[in-house]
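Me: I am new to this structure and would like to go through it step by step. Please show it before we start.

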Amino acid sequence: MTGPVRIDTEDVALDGDLTVPDGARGVVLIAHGSGSSRHSPRNRRVADALVASGVATLLMDLLTPDEDRVDQRAGEFRFAIDLLGRRLTGAVDWLAADPRTTALPVVTFGASTGAAAALIAAGQRIDRVRGVISRGGRPDLAADHLPRVRAPVLLIVGGHDPQVLSLNEAAAAHLAGPVHLVVVPGAGHLFAEPGALEAVIEHAVTAIDRWLP
C-alpha cells in the first residue's frame, strides 16, 4: 500500500507519503534536511530500498508550504530544531494511531538537520522508537536531547565531510544508548558520489535487520 497522507501534529497538519509492504516488520520515519522536502531524490532512493528489504516508510515534510516558502527566502525555519523535533515526535504518535502502522515499531532516519529531529523524537518516545539512523547528520543540534536517546544510533558520515564527522564524533559521546559511527570513504556531505548512497543503504538495512529482526 502506497499513498499520500496528512500527518496531524500538535500545531499543523503536514504532508507525507506512506508505503507499507505486505508483512512489514517495522516502519522507518524519514526526515529531510534543511532546504529539502519529502521529495528529496536521495531520501526516496533510500526509502525504496528499505521497502524492498521489508519495512514500511513514511517520508514527510517538516514544514507547511507557506513555511517552506518563507524558509526558502530567509532560512527562518531550517534550524528551528526544537520545532522540527516536536513535529517528528508528532509523526511517531501519528504512526502509533494509524491502523496501518499501529503495530509496527519505528526507526527514525534523518539527513542533515533532519537527523537532529530524528534524535529528538527518539528521546521523546523511548518506548516506541527502536533505532535512529543519521545520514550526514547534525546530531550536535540536538545536544540537550542526546542523553535521553536510549535506542541504538547509527551515524553515517562521508569521509570528505570532516567538519560534520567531527561534530558526529563529539555528539556520539553524549548518547545514552549504543552508537555506531560509520565513515563512507570518498563521500561528501550529500553522498552524491558514485556508490556513496548505495553504501548508506547497505549500512542502514544492516542496522534495521539487527534492530527489527
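Reply: Helices and strands here are DSSP runs, a helix having at least four residues and a strand at least two, numbered from the N terminus. The model is a predicted one.

Me: In what pattern do the helices and strands follow along the sequence?
Reply: The protein has six helices and eight strands. Written in sequence order, they give β-β-β-α-β-α-α-β-α-β-β-α-β-α.

Me: What is the radius of gyration, and what does the globule rule give for 213 residues?
Reply: For 213 residues the globule rule gives 17 Å, and the value for this protein is close to that, so the protein is as compact as a globular protein of that length. The C-alpha trace spans about 40 × 40 × 35 Å along the principal axes. The radius of gyration is 15 Å.

Me: What percentage of the 213 residues counts as buried?
Reply: A residue counts as buried when its relative accessible area is under 20%. The protein exposes about 8900 Å², with 52% of this supplied by carbon and sulfur atoms. Of the 213 residues, the buried ones make up 56%.

Me: Among contacts between residues at least 6 apart in sequence, what share joins residues at least 24 apart?
Reply: One example of a distant pair in sequence is Val129 and Val205, which are 76 residues apart, with 16 Å between their C-alpha atoms. That pair is given for its spacing alone, as contact means heavy atoms within 4.5 Å. For the contacts asked about, the share is 70%.

Me: How far apart are the end C-alpha atoms of helix 1?
Reply: Helix 1 covers residues 41-52, which is 12 residues. At 1.5 Å a residue the expected span is 16 Å, and the model agrees with it. The end C-alpha atoms lie 17 Å apart.

Me: Within what arc do the buried residues of helix 1 fall?
Reply: The buried residues of helix 1 are Asn43, Val46, Ala47 and Leu50. Viewed down the helix axis they line one face of the helix, because their directions fall within an arc of 100 degrees.

Me: Why can residues three or four places apart in a helix point the same way?
Reply: An α-helix makes a turn every 3.6 residues, so residues three or four places apart point the same way. In helix 1, the face turned away from the buried side carries the exposed residues Pro41, Asp48 and Ala52. The number behind the rule is 3.6 residues a turn.

Me: Which elements do the buried residues of helix 1 pack against, and which residue with positive phi follows the helix?
Reply: The packing partners are strand 3 (27-31), strand 4 (56-60), strand 5 (106-111), strand 6 (129-135) and helix 6 (196-211). After helix 1 comes a residue with phi near 105 degrees, namely Gly54.

Me: How many residues of strand 5 are buried?
Reply: Val106, Thr108 and Gly110 point one way from strand 5, while Val107, Phe109 and Ala111 point the other way. Both sets are buried. The count is six of six.

Me: Which residue in strand 6 is the bridge partner of Gly110?
Reply: Strand 5 runs parallel to strand 3, joined by five bridges, and Gly110 is the partner of Ala31 there. Strand 5 also pairs with strand 6 in the parallel sense, over six bridges. In strand 6, the partner of Gly110 is Ser134.

Me: Is Val129 buried or exposed?
Reply: Val129 is found in strand 6. Among the residues it touches are Val92, Val106, Thr108, Ala121 and Ala151. Its relative accessible area is 3%, so Val129 is buried.

Me: How many of the 12 residues of helix 4 are buried?
Reply: Helix 4 takes in residues 113-124. Its buried residues pack against strand 3, helix 3 (81-97), strand 5, strand 6 and strand 7 (153-158). The buried count is 11 of 12.

Me: What is the relative accessible area of Phe191?
Reply: Phe191 lies in the loop between strand 8 (179-184) and helix 6. Its phi is positive, near 55 degrees, in a residue other than glycine. Phe191 is buried, with a relative accessible area of 2%.

Definitions and conventions. Residues are numbered from 1 along each chain as its sequence is written. This is a predicted model: local features need pLDDT of at least 70, side-chain atom pairs count only at pLDDT 80 or more; totals for chains, interfaces and linings use all residues. Side-chain values use heavy atoms; hydrogens and water are left out. The expected span of a helix is 1.5 Å times one less than its number of residues. Buried means under 20% relative accessible area, exposed over 50%, partly exposed in between (1.4 Å probe, protein chains only). The arc is that of the directions from the helix axis to the C-beta atoms. The radius of gyration is taken over C-alpha atoms; the globule rule is 2.2 Å times the number of residues to the power 0.38. Accessible areas come from the Shrake-Rupley method with a 1.4 Å probe; for residues, only the protein chains shown count as cover. Two strands pair if DSSP finds at least two bridges between them.
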